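User: Please take a close look at a single part of this assembly, namely the surface that one chain presents to its partners. A connected account with the cut-offs stated would be appreciated.

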Amino acid sequence: MSLQESTQATQRGNFQKVNRDVLRALQPGPLYFALLGVCLIVIAFGVWAWSHQVLEGLAVTGLRHPVMWGAYITTFVFWVGIAHSGTLISAILFLFRARWRAAISRAAEAMTVFAVMTAGLFPIIHLGRPWLFYWLLPYPNERTLWVNFRSPLIWDVFAVGTYFTVSAMFFYVGLVPDLAVLRDNSTGWKRRIFSVASLGWLGTGREWKHFSSAYLFLAALATPLVVSVHSVVSWDFAVAIVPGWHSTIFAPYFVAGAIFSGLAMVLTLLIPARAILNLKDYITLHHLENVAKLIIVSSLIVSYAYLTELFFAWYSENPFAQTVFLSRAVGDFAPLFWLMVLCNCLAPLLFFFRKLRRNTGVLFAISLLINVGMWTERFVIISGSLAREYARTSWDIYSPSWVEWSILLASFAWFAFWFLLFIRHLPAIPIAEVKESMHRAAHDPSSLHTEQQT
Amino acid sequence: MSKSLLLVVPTVLILVLAAGCLWIFPQEEAYSPDQPIAFDHKVHVTDFGIQCLYCHSYADRSPFAGVPSVERCMGCHLIVAAQTEGVKTLNGYWQRGEPIPWIKVNVLPRFVHFNHEAHVRAEVDCAQCHGKVENMSKLSRVSSLTMGWCLECHRQEEASVDCLTCHY
Amino acid sequence: MNGVLGIFENRENLVRALKDAQTKGWKQLEIFSPYPDEELFELIDPGKSPVRWMTLAGTLTGAICGLALTIWTALQWPLLITGGKPLISLPPFLVIAFELTILFGALATVGGFLYWGVVRRFFRSLPYDSRFSQDHFGLWIECSKDEIKQVLSWVQESGATEWKEQ
Amino acid sequence: MIKRRDFLKTVGISGSAALLDACTGENSETLVPYLVPPEDIVPGVPAYYTTSCRECPAGCGMLAKTREGRVIKVEGNPRHPIGRGKLCIRGQASVQSLYNPDRFQGPQRRNEQGGLEPIEWDQAKELLVSRLNPLLSEGASQKVAWLGRLMTGSMESLVRQWLGALGSDRLLFYETFQYEALRRASEIAFGRLELPQYHLEEAQFLLSFGADFLETWRSNVEFTSAFQQMRSSRPSNAPDNFVYLGNRLSLTGSNADWWIPLRPGTEVQLALSIAHSILDQGLAVETAASQEWVRPLLAPYSPQSTQESTGVEVSTVRELARRLCEKPPSLALGGGISATGEQAVPLELAVLLLNALAGNIGKTVRFGTPSVLDRLASYQEILDLAQEMNEDKIQVLFLHHGDPVFTLPTSSGFAQALDNVPFVVSFSSLPDETTAHADLILPDHHFLESWGDYSPRSGVSTIQQPAMQPVFDTKATADVLLSTAQEMEELAARFTDSTYAERLRSHWDATIRKTLDEEIPWEEFWPDVLTRGGHFQEQPLLEVDLHNISEHLQVTEETLVGPEEGKSLLLYPSPYFFDGRNVNNPWLHEIPDPTTQLVWDSWVEVHPETARELALAEGDVVELTSPYGSLTAPVHLYDGLHQDVIAMPLGRAKSADLRYASKEGVNPMQLISPEPAADSGSVLWRSVRVGITKTGARHPLVSLQSEGAERPEDALVAIQPVEAPDAAQRIRPSELEAPEAHSQEHGPVDYYPPHEHPDHQWSMVIDLDACTGCNACAAACYAENNVPVVGRELCGHGREMSWLRIERHQKPLIRETDVVFTDRISLPVLCQHCHNAPCEPVCPVFATYHNPEGLNAQVYARCVGTRYCSNNCPYKVRRFNWHTFTVPEPLQLQLNPDVTTRTAGVMEKCTFCVQRIQEGKNRARCEDREVGDGDVTPACAQTCPTDAIVFGDLNDPVSRVSQLAGHPRNYHILEQLNTRPAVTYLKKLVPEKPFTEE
């Protein structure tokens with residue numbers, strides 16, 4: 001009896017601690033504002049660069065005949081990819097009852113939303129006449145002209161649009177009970193805002209019941225969605241006849257790549273975040289290690305895809321495909337290609353060593369490498385193939401101009417900007433879920449046990 | 001407060017949508033610029049029964065209908081109504097040997113190739129696009145001249161709706 | 001709307017009290033919890049949430065709208081043939097249909113949650129204690145004015161640490 | 001006619017409007033009516049005027065297409081015997097010399113500071129009169145001289161009369177490239193001091209000693225069509241009937257089947273040894289062979305003896321001899337610029353002898369039709385004039401077009417002589433090296449702005465009509481002469497015609513109408529002349545016999561002055577710029593040079609071997625030094641050269657202040673010898689050896705065709721059978737019978753049913769066997785479709801906009817034997833208008849789609865610029881507007897109002913000239929008839945001198961395309977992609993066997 005008493009007491013203590021810690025995390029330091037400032041400056045520069053491009057025409061980019069797609073589309077694919085791991089962690093792992101995800105799921109979801117917001121900008125930035133972007137939406141107009149649903153770009157519009165809406169809703173629904181926590185711990189106008197945002201959440205049994213069921217179904221819908229989105233993105237290339245693009249393995253290949261890069265980004269974000277917000281007790285080495293394990297798996301899948309591509313090119317005896325892959329392996333694109341192999345295939349192998357994957361320094365470094373590697377991969381696939389198409393008399397080499405580089409940089413600042421706002425104003429870890437898993441841990445040790453394993 | 005929100009949010013959304021629709025289908029108000037000479041179609045067409053083709057003489061043999069040359073105007077106005085205000089101005093241009101800078105009323109964008117000849121031959125009445133000019137003392141645009149407007153007729157008359165008919 | 005709210009420091013007391021209350025035949029009960037706990041909810045409101053039906057309806061609508069939109073717009077201008085493919089080329093249209101399936105499904109699900117989880121609650125004015133979002137549990141027993149005395153005395157026995165009546 | 005001001009206002013508006021942003025919706029613009037409507041102008045309806053092209057002396061017939069009173073396009077005049085409706089690239093680009101922004105915009109005078117200052121025409125005339133009157137008063141003779149471009153008919157008579165009135169008959173016609181040696185040779189051999197008329201179309205076998213008749217030699221359009229007739233009639237089992245001998249592989253050379261790279265200076269010996277071998281094998285025609293002087297003359301030149309110096313195998317010589325004679329008539333052409341040195345006359349003699357022995361005289365080589373070129377003043381005569389100028393004998397010198405200071409050997413001192421003349425009057429319309437020495441500039445009209453007549457050869461008198469009002473404040477030279485004369489009391493009485501037009505008519509009446517056999521009233525004669533474009537009549541063939549040429553045929557070792565280790569310098573007329581007269585026409589710079597594929601520069605061509613010796617790389621700037629001068633120019637590696645030679649194009653660069661002319665490598669004429677040839681008195685084009693020194697500077701040359709093989713990975717790919725578009729362009733006689741030659745039948749089966757094309761199915765057939773790669777089509781496309789010029793820098797960034805490119809596919813030339821298989825394919829690549837177009841389904845907004853007439857439509861107004869279509873186009877023919885490209889005033893007046901000008905961010909490409917399709921269909925509809933074959937002809941097909949491009953409706957069974965559809969030689973490029981293009985190619989026929997059997 002007394003034992004039970006004590007466990008209950010400690011649990012209450014823990015619950016209070018959770019609230020305390022999370023709320024404390026919302027108190028920013030000077031470093032925070034410094035970062036925010038830097039982001040804003042970089043964004044401003046990017047905006048200026050883009051307006052320059054709009055006024056001058058795309059001649060200010062490095063793009064050229066025949067390489068019509070370059071850094072912008074690369075970056076688009078990159079950010080969409082980043083988004084994916086968020087959904088993986090929050091939805092897929094949720095369905096698989098991998099409880100350890102609880103602590104990092106919130107951050108991952110936020111990352112998804114912001115990454116899609118960033119990605120969505122690039123198709124517009126890269127347009128020749130961006131002021132007409134809305135022509136890509138099927139809206140009724142007096143011309144009775146609609147959009148061409150056969151075009152993968154329209155699939156993109158729908159896939160990315162859906163993805164953004166769904167992940168945003170998923171993020172918000174999960175947030176509602178925690179907003180109530182904020183409400184109950186704030187006063188004045190903040191309290192008003194939070195009480196509106198939390199939809200007047202009381203935490204009644206019935207609320208929780210519908211909440212859980214909604215959350216479950218959203219997760220169930222998000223899972224096929226996340227697979228479809230990057231498949232669609234990959235079809236931008238796979239359905240084209242460009243040698244080096246036109247490949248059946250692209251969908252799974254890209255989805256794996258997306259999750260791979262996303263997981264890396266999770267590490268890149270969480271390792272500093274948990275230190276700064278000192279949430280080390282919630283986002284533990286154990287979590288990071290699990291992410292690292294997932295990275296190994298996805299890295300191996302990606303490496304396998306690389307080999308498959310090369311094998312196809314060789315075995316098909318299709319001279320065009322061979323030209324492209326030779327130009328990657330030993331031609332003008334060799335440096336990028338091998339950089340990509342180093343970052344995406346070799347570096348992650350280090351995670352096979354427990355010591356290394358439990359060392360935050362190593363984790364962080366390699367996660368950065370993977371980010372670079374995955375951007376390079378998309379660049380090599382997109383520009384590398386275009387530069388070596390059928391008409392060899394039109395071959396040319398492409399390298400991004402300062403405009404493209406600065407817009408790429410600005411996209412990172414833009415992403416960081418939102419993420420900073422997020423960790424400053426919203427609970428970076430799902431309070432209710434953490435409490436729930438604490439409760440489970442307390443009541444059936446088995447779940448604790450499984451937590452160690454997953 | 002939370003409850004009233006339930007009503008506020010939807011209303012706002014609906015308003016926004018409505019605004020959007022208005023923006024997509026803008027209202028066409030009649031465009032009627034002031035001309036260098038206050039030319040009165042009503043007088044010329046209704047009162048004196050001059051045919052369109054008399055002045056816009058290219059309409060049946062060229063993509064452009066053409067505006068009458070100053071000489072054509074002077075042809076009559078050397079004698080007719082020589083003292084009226086408008087004709088004085090006209091005479092001024094004639095004396096100075098300057099063409100009259102009429103303001104275009106029915107403007108098509110550069111990327112549209114319209115052919116008067118084809119339409120006249122297809123027996124499309126001038127009024128179908130230009131309206132009842134014979135009743136207009138001051139000329140104004142009656143048709144939106146938007147693509148949808150063209151298509152309406154083309155679909156009805158089973159004329160070509162291939163983009164290349166007008167866009168090249 | 002009258003009743004009594006008991007505030008509990010831990011789950012066990014709440015469960016005990018709840019079961020007791022149900023035996024007493026009080027129907028209008030509601031509990032408060034800082035985290036989702038299926039067993040608890042089973043006690044208060046057995047059965048599955050109707051949200052699932054919303055999801056189903058949404059997905060079906062989405063699929064139909066997707067196909068309808070693509071096919072109908074294609075027929076708007078049959079001249080626009082591209083790449084030697086038929087006017088109504090289903091494979092690409094299915095992609096759109098799929099995305100809309102998910103989109104509408106998700107929207108409906110959230111709609112369902114908002115309706116049953118939020119809107120419905122707006123019309124029952126329940127009491128609240130800000131500790132419910134932290135570590136306390138609550139039990140609300142709705143009853144008529146004259147029952148209050150009796151309920152209140154029961155609550156005091158039930159292991160609640162605090163109680164309010166309204 | 002309308003007043004010029006109003007005219008400019010009208011066109012000014014339509015012109016600037018054409019440049020307006022295609023996206024502007026509501027923009028209030030003004031309608032400017034004519035003051036008095038010109039009877040022959042209906043707005044929106046083109047009016048055509050026959051005239052004569054004056055870009056080069058060939059004088060092709062020309063049709064000027066005008067809209068709202070401005071010339072927007074020029075095309076060949078189909079009823080004219082020269083050109084027969086075709087124009088070369090220079091002719092197509094002549095509209096840009098009309099609207100050239102750098103033209104003199106009015107008369108100018110040299111002021112005290114030595115600069116040019118604008119003046120009024122009245123002042124200008126006063127000034128001229130004031131300089132001429134004294135001469136008249138002192139009754140001086142031969143104090144006035146006229147040096148200018150060729151004139152005939154009324155213009156010539158006017159100038160002669162005018163000079164005569166000033167007491168002078170010094171009228172010299174100047175052209176950079178003369179044919180003095182050939183004329184002299186004809187005189188020696190046949191007693192006719194005239195250029196023979198060559199009839200390639202009748203030749204069974206053609207041998208050219210460096211005569212680049214497809215580019216610049218005499219009348220290139222005429223020769224090109226004749227060449228095509230000769231080629232198309234050749235037997236398919238022996239398709240190699242053209243051998244080119246010379247030390248540079250020109251465009252003409254690369255259109256030959258075989259190239260014999262000759263050591264410079266050995267042409268004569270080779271020609272003679274061929275003649276020798278003809279006699280040896282007893283193939284010669286009796287009349288020639290029987291002449292007693294022939295055998296002794298040829299005795300020393302047995303193939304064995306010449307082999308040493310020429311480096312040509314005995315067997316080759318024997319084969320050449322055999323082919324020359326086996327199927328008469330054949331034809332041997334002699335002496336392009338590249339073969340014009342000391343030995344020019346002997347070479348021409350030897351070549352004429354070959355023709356005589358092969359029995360070509362009177363068949364493919366004819367006399368009795370003197371060419372206008374016969375009347376050119378020789379270099380010697382011009383030197384004499386310079387002499388007089390130096391001796392102060394010339395008081396006033398008139399320069400009428402042409403740029404002698406630039407095009408004469410610099411060291412001839414003509415410029416100095418010019419400075420010694422008290423008063424130099426220039427009628428040039430473009431600033432150049434010569435006008436820099438003029439005291440008074442009275443800019444002449446462009447030939448599209450003025451009346452005139454020109455007779456390129458006897459029997460062909462072309463009328464030249466003003467197709468439009470002058471763009472600038474210029475005056476027709478003829479009218480200037482008349483009006484000045486009328487202001488000088490001594491002359492006024494003798495020049496009564498008020499205008500030149502009047503004089504022209506009376507001249508034609510007197511010299512042509514009155515000389516006709518049957519009496520035609522003027523009222524019928526003149527309109528007929530104007531519509532026909534001139535008056536043409538056949539000339540009788542003149543019988544000639546061969547004289548003894550032995551004492552004139554002294555074969556000597558060619559002496560080249562200059563450093564021993566140096567290379568023999570070969571100057572060649574640029575195929576696009578001739579002698580540099582149209583160096584400021586941007587299209588010509590932007591369209592890749594046909595042999596090098598380079599744009600926007602001048603260069604010196606060096607053989608890769610030589611480059612290796614001198615450690616030179618592409619783009620290195622070298623200094624070339626000869627005893628007479630030196631210049632620097634960037635290096636281009638070209639393997640189509642004899643190793644002892646370096647070559648340089650003439651006329652791509654000028655030092656004059658012209659915005660489009662290159663400033664690199666001017667002026668090669670500094671390098672060559674000022675000495676005239678002893679026998680013919682012509683310029684010694686091949687006279688020096690030049691030393692090459694690396695300056696260390698670099699000037700990368702811009703090529704629009706990436707040479708795949710230069711990249712490492714391609715070295716690996718080369719092992720694989722890479723199917724670039726050049727795949728299977730060649731076909732050998734034996735394959736002609738093979739059924740799989742038919743690409744149509746064995747195409748893969750489609751999953752979807754084919755398109756339906758109820759009314760028309762437009763299609764194009766391009767015959768690679770006919771295409772010479774002259775690029776006239778490309779220029780026509782630029783002119784017709786408002787294709788913007790982007791300039792050197794953007795070309796370097798791969799932003800060129802050309803809708804039609806001619807790819808040069810030529811493997812590195814193998815030099816194992818003395819005879820090289822040229823193996824050059826010129827592949828015109830334009831939008832293939834695929835029926836399964838990969839570009840279409842990827843466009844999100846339907847900006848491109850397949851229209852019911854089989855066109856791959858591109859709707860600029862709808863394009864948002866995703867550029868996906870371009871990525872997905874395997875032919876890489878789509879062009880993207882990286883900027884909103886504009887042109888300087890008044891070049892925009894040339895823009896075609898029927899074609900939307902594109903703005904930044906929009907994709908564009910070949911449309912099969914859809915505006916012409918619409919126009920043709922509309923015309924047919926208005927005339928209540930079906931569209932027939934030939935009603936619609938795209939600009940490229942229209943101008944192609946070899947008719948390599950055929951366009952038509954596949955639904956029409958009698959159309960030419962339908963007939964060519966099942967041709968055994970046809971194929972689609974990248975057929976394996978099953979894009980089903982509407983453009984079909986006919987493979988080039990290449991020889992199966994090596995040149996010599998044994």
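Analyst: The account below treats the contacts of chain A with chain C and with chain D, and then one residue at the second of these.

The model is predicted, so local features need pLDDT of at least 70 and side-chain atom pairs count only at pLDDT 80 or more, while totals for chains, interfaces and linings use all residues. Residues are numbered from 1 along each chain as its sequence is written, chains are lettered from A and ligands numbered from 1 in the order in which they are written, and side-chain values use heavy atoms, with hydrogens and water left out.

Between chain A and chain C, 57 residues of chain A are in contact with 68 residues of chain C; contact means heavy atoms within 4.5 Å. The two chains bury about 5,500 Å² between them, with 66% of it on carbon and sulfur atoms. Buried area is the accessible area (1.4 Å probe) that two parts lose on being put together, summed over both. Of the area that chain A buries against chain C, 14% is supplied by Arg150(A), Arg206(A) and Lys209(A), more than by any other three residues.

One salt bridge is counted between chain A and chain C, a salt bridge being a side-chain nitrogen of Lys or Arg within 4 Å of a carboxyl oxygen of Asp or Glu. Arg206(A) forms a salt bridge with Glu30(C), the closest N and O atoms lying 2.7 Å apart. There are also 20 residue pairs in polar contact, both residues at pLDDT 80 or more. A polar contact is a pair of N or O atoms within 3.5 Å; within protein, one must be able to donate a hydrogen and the other to accept it, and residues adjacent in sequence count only if both atoms are side-chain atoms.

Helices H1 (2-25), H5 (152-184), H7 (205-238) and H15 (431-443) of chain A each supply at least two residues of the side that touches chain C. Helices (H or I, at least four residues) and strands (E, at least two) are DSSP runs, numbered from the N terminus. H7(A) gives the largest share of this side, 18 residues. The side divides into 28 nonpolar, 18 polar and eleven charged residues; Ala, Val, Leu, Ile, Met, Phe, Trp, Tyr, Cys and Pro count as nonpolar, Asp, Glu, Lys and Arg as charged, and the others, Gly among them, as polar.

Against chain D, the contact takes 57 residues from chain A and 59 residues from chain D. The area buried here is about 4,800 Å², of which carbon and sulfur atoms give 59%. One salt bridge is counted between chain A and chain D, and Glu389(A) meets Lys876(D) in a salt bridge of 2.8 Å, N to O. The polar contacts number 30 residue pairs, both residues at pLDDT 80 or more. H5, H7 and helix H10 (319-329) of chain A each give two or more residues to the side that touches chain D, and H10(A) provides the largest share, six residues. This side divides into 32 nonpolar, 14 polar and eleven charged residues.

On chain D, Arg878(D) is placed in the loop between helix H28 (868-871) and strand S36 (879-880). Among the residues that Arg878(D) touches, beyond four places away in sequence, are His65(A), Cys839(D) and Met907(D). A polar contact of 2.9 Å joins the side chains of Arg878(D) and Thr848(D).
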